[in-house]
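Colleague: I should like to learn how to read a structural model of this kind, feature by feature. Could we go through it together?

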Amino acid sequence: MTTSKKLLICSVSLIVFFFAEIAINVACGGEGDPYDYYVSFFHNDIQRTQEYRPFYFTSYSFLYDDEEQVSEATLNSREWAAYLGHSVKAEDVEKAMYHLKGHADTVLYNGYLDGKGALPDSLKNNSFLQSLASNKSALSYYQFAKGVEPIANVKSEYWNPKEMDTDALKKAGEEALSNANTEKDKFIKLRYLYQAQRLLHYGKYYKEAADVYDKYLVNYKTDSHVKGWALALKAGESRWLGDTVKSAYLFSKIFAAYPERRVQAYRNFNYINAKTENVLALAANKNEKAVIHAIDGFNDPALNINPLKEVYEYEPSSDMVGVLLIREINKLEEQYLSATLIPGPAVPSYYGNLPDSSRNKAIAHIKQLKSFCQKLSAEKKYPEYNLGNLAQAYLAWMQKDTKAGLEYLAALNGEKLSSKFNDQKQIIQLLLTAQGIQQYNEVNEATLLPSLKWLDEKVAHEITSNTSYNLGYYGLSPFAITARNFYQDIMAPVYLKQGDTSKAAIAMLQGDASGSKVTVASSQTINYWQNYLHSSALNKIIAWKKTPPANPYLHFLTQKLGRYRNDDLYELLGTAYLREHKYPEAATALNRVNEKELNKFPTNFYDEKATGADPFISQMPDYPKLLLNKNGKGYNKRQFAQAMVAYQKQIKANPKNAAVSYFNMATAIYNTSTYGNAWYLISYDWSSTDYGRKSLYYYDTDYVKTSNAEKLFLQARQLSTNAEFKAKCTFMAAKCRQKQIKMPSYSDFPDYNYTKLQNAEKSYDQAVRNNPYFAELQKNYGKTAYYRLAVNDCSYLSDFLKASKK
């Protein structure tokens, strides 16, 4: 059997993917949002400080935020401003030291600092530069620092790496050390010593650089952060000189005391990969042990309560306790909660069924966390000890223990909570209230309304104040995430379970964050509305839009319908009618859609033109597709509905001569499948993976299985007396029947058993060759010209005939 034959009628080949016919929407996009890839309701930023934000939980990246939370430039500028006097502004120091552009920097260094010229206009009023004229030591140091920048701050370019000038760096380092030894001003002396160590370090003279620290800086009496930066250099020098354990220990000290270098210290601590127990052996006190355990915990994506317990044991008042506790809760959301919620509509699950081993591990972890939280609340050593009851209430909700959850929240009554803690309490209250509702009805929905309105206001305020908000990137908008997850992962599934698809639809829509700059539905909502709604649900939704419901809850839930055009709703309704084969109703609905919108055809992959197709073209092979006959015009949805109405009228008017009409209708319905030339008439996207997949949507009877087309082809055959025509009908029915056999894929085998897949593929190949209509073709129409053409073109029919002769 040749490959070329396999491409004709009943075959599947990778080449179909590369030469796909029309507007292929392949389900592969960019990487997931590292802040929003699991169902979460427990905000990670509710603590009193965001100092440890880079170490919040995410499995998608090494750090939640790789930016230092404190600016080194700002700290240094403040030190300089305090040293030079009250008239010097820290912002002037920062501008001159860190933010000058090339030309201004050159004029400053080659002119003003050497006493050879005036300040540039942009720096004329800079209080820092003005003050240098009266401080010889400071001016000399600043001249030196600016002078070594070209050799110390070499920009690294990937394709054109530049080697450091080690000789020049050593010479500059020695000069800095010499200047330090003659400098009497303690503030300036410290900076010369730092420059000496830094320049030698950059020149890879690690031993000499470490000696500068050990001899001059280790016991230098100062509160300046410069000493911490020198310690960071010392930590790196220890690493390069072979003492990795000491290096990791020194980086843990930087992590604890110098927030402007915390991310850097964390990275280096983990890159060194020293054993935690060996680093702990160097710790001088409980505080240092707590920091080392915290770093260990911040780098662990697995469920692990031990770092949290250790940090609390050594330093119970540390903010790191709260960060570690919330990390464990977020881990449970990722590894347990997201897989145990009722599957949401149109939201793909990336987790599947949770294995018993994982479930049991998570439940054991919840038990440990509850015990810790009880201790946290009772002992009140942690400043925000109420986090314990909040966490226990949420964990109780996670385990569907509504009563216990409400009791933990009640324990917070009378407690003075921060605004963020109170917000989290409100969210957990909403979750527990929803969980306690056995059946959604007007009475129960009314109890949710105040909380839903509160959440809606929070989302609106968040979006208004967040200028960087982007609908496709929820991660930095926690209330938007909470609202979306609640409506789409809690409420919508309940409505679906009750069979109320219209309320599920508007719940999905309400879950989309919206503000003055956001009016587009999320991909999840679009997917649900386009693929899951029948005409009955859409008619109800359109009625709500026309006349807002009097019921307060339903009025609130339908408020976003006003953001969307009637054209969009009627287009959805018309499409649903097409899928349901209600062609008169489809035509009526689509008459209310703008012609320009209807003629937005998908892009033809061959010439990248938006081209419609003629669904009434009958082809023996599925590939290559013939979109249009010569001078033909593509059908939009309304034109298709009108054409199908016309055929229905012809059949009714003359049922005995309706064979051709039935055949044309069958051809059109077949062409609206994924295998046809006009899939866009009932589907909003196309993928090569649709071929032979399992049914997902209610219209897959046509789009994937082609079952209705088969019935109509058989009706056409029954009404005809022409053998050639009957052979053609039989062959087309064979094509339809073949599509009803599911094609095996790896997703059918969770254990990725390749042998099972191969066996399934063999069974599939056998099934498509044993098509029952092939026997009918051979027996009843073997003498027709159409049959002979089919035998030559269809490899599966040919294989069937060969096997039948054995």
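Modeller: Let us start with the surface. The accessible surface of the chain comes to about 38,000 Å², and carbon and sulfur atoms hold 50% of that area. Please keep in mind that this is a predicted model.

Colleague: What share of the residues in the chain is buried?

Modeller: A residue is called buried when its relative accessible area is under 20%. Of the 806 residues in the chain, 53% are buried.

Colleague: How many helices and strands are there in the chain?

Modeller: The chain has 39 helices and two strands. As for contacts with a separation of 6 or more, 68% of them join residues 24 or more positions apart.

Colleague: I should now like to consider single residues. Where is Thr58 placed, and is Thr58 buried or exposed?

Modeller: Thr58 lies in the loop between α2 (14–18) and α3. Thr58 counts as buried because its relative accessibility is 8%, and the limit for that class is under 20%.

Colleague: Which backbone atoms lie by the polar side-chain atom of Thr58?

Modeller: On one side there is the backbone oxygen of Pro34, 2.5 Å from a polar atom of the Thr58 side chain. The backbone nitrogen of Tyr60 is 3.1 Å from a polar atom of that side chain. If neighbours within four places in sequence are left aside, Thr58 is in contact with Pro34, Tyr37, Leu63 and Tyr64. Pro34 thus appears both in the polar pair and in the list of contacts.

Colleague: Which helix holds Tyr142, and what does its side chain meet?

Modeller: Tyr142 belongs to helix α7, residues 136–152. Its relative accessible area is 3%, so Tyr142 is buried. A polar atom of the Tyr142 side chain lies 2.9 Å from the backbone oxygen of Ala96. Leu129 is 13 residues away from Tyr142 along the chain, and their C-alpha atoms are separated by 9.9 Å.

Colleague: What surrounds Leu387?

Modeller: Leu387 is in helix α19, residues 387–398. Leu387 is buried because its relative accessibility is 0%. Beyond its neighbours within four places in sequence, its contacts include Phe42, Ile46, Gly322, Leu325 and Phe421. Leu376 is also in contact with Leu387; these two are 11 residues apart in sequence, with 8.0 Å from C-alpha to C-alpha.

Colleague: Let us turn to empty space. How many cavities of 30 Å³ or more does the structure have, and what lines the largest?

Modeller: A cavity is a space from which the probe cannot get out, whereas a pocket is open. The search finds five cavities of 30 Å³ or more, and the largest holds about 80 Å³. Its lining has 14 residues, with Gln619, Asp622, Tyr670, Asn671 and Lys735 nearest the centre. Helix α32 (659–671) and helix α35 (723–739) each supply at least two lining residues, and α32 gives the most, with three. By class, the lining has five nonpolar, six polar and three charged residues.

Colleague: How does one read the second largest pocket?

Modeller: One asks for its volume and then its lining. The second largest pocket has about 1,000 Å³ of space. Its lining comprises 35 residues, and Asn153, Tyr194, Arg198, Tyr202 and Arg261 lie nearest the centre. Among the elements that give two or more residues to this lining are α3 (72–84), α7 and α9 (186–202). The lining divides into 18 nonpolar, eight polar and nine charged residues.

How values were computed. Residues are numbered from 1 along each chain as its sequence is written. This is a predicted model: local features need pLDDT of at least 70, side-chain atom pairs count only at pLDDT 80 or more; totals for chains, interfaces and linings use all residues. Side-chain values use heavy atoms; hydrogens and water are left out. Helices (H or I, at least four residues) and strands (E, at least two) are DSSP runs, numbered from the N terminus. Buried means under 20% relative accessible area, exposed over 50%, partly exposed in between (1.4 Å probe, protein chains only). A polar contact is a pair of N or O atoms within 3.5 Å; within protein, one must be able to donate a hydrogen and the other to accept it, and residues adjacent in sequence count only if both atoms are side-chain atoms. Contact means heavy atoms within 4.5 Å. Accessible areas come from the Shrake-Rupley method with a 1.4 Å probe; for residues, only the protein chains shown count as cover. On a 1 Å grid over the protein atoms alone, a cavity is a set of points where a 1.4 Å probe fits but cannot get out, and a pocket is an open set with protein on both sides within 12 Å along at least five of seven lines; lining residues have an atom within 4 Å of a point. Grid points are joined across faces, edges and corners, and a volume is the space filled by probe spheres set on the points. Ala, Val, Leu, Ile, Met, Phe, Trp, Tyr, Cys and Pro count as nonpolar, Asp, Glu, Lys and Arg as charged, and the others, Gly among them, as polar.
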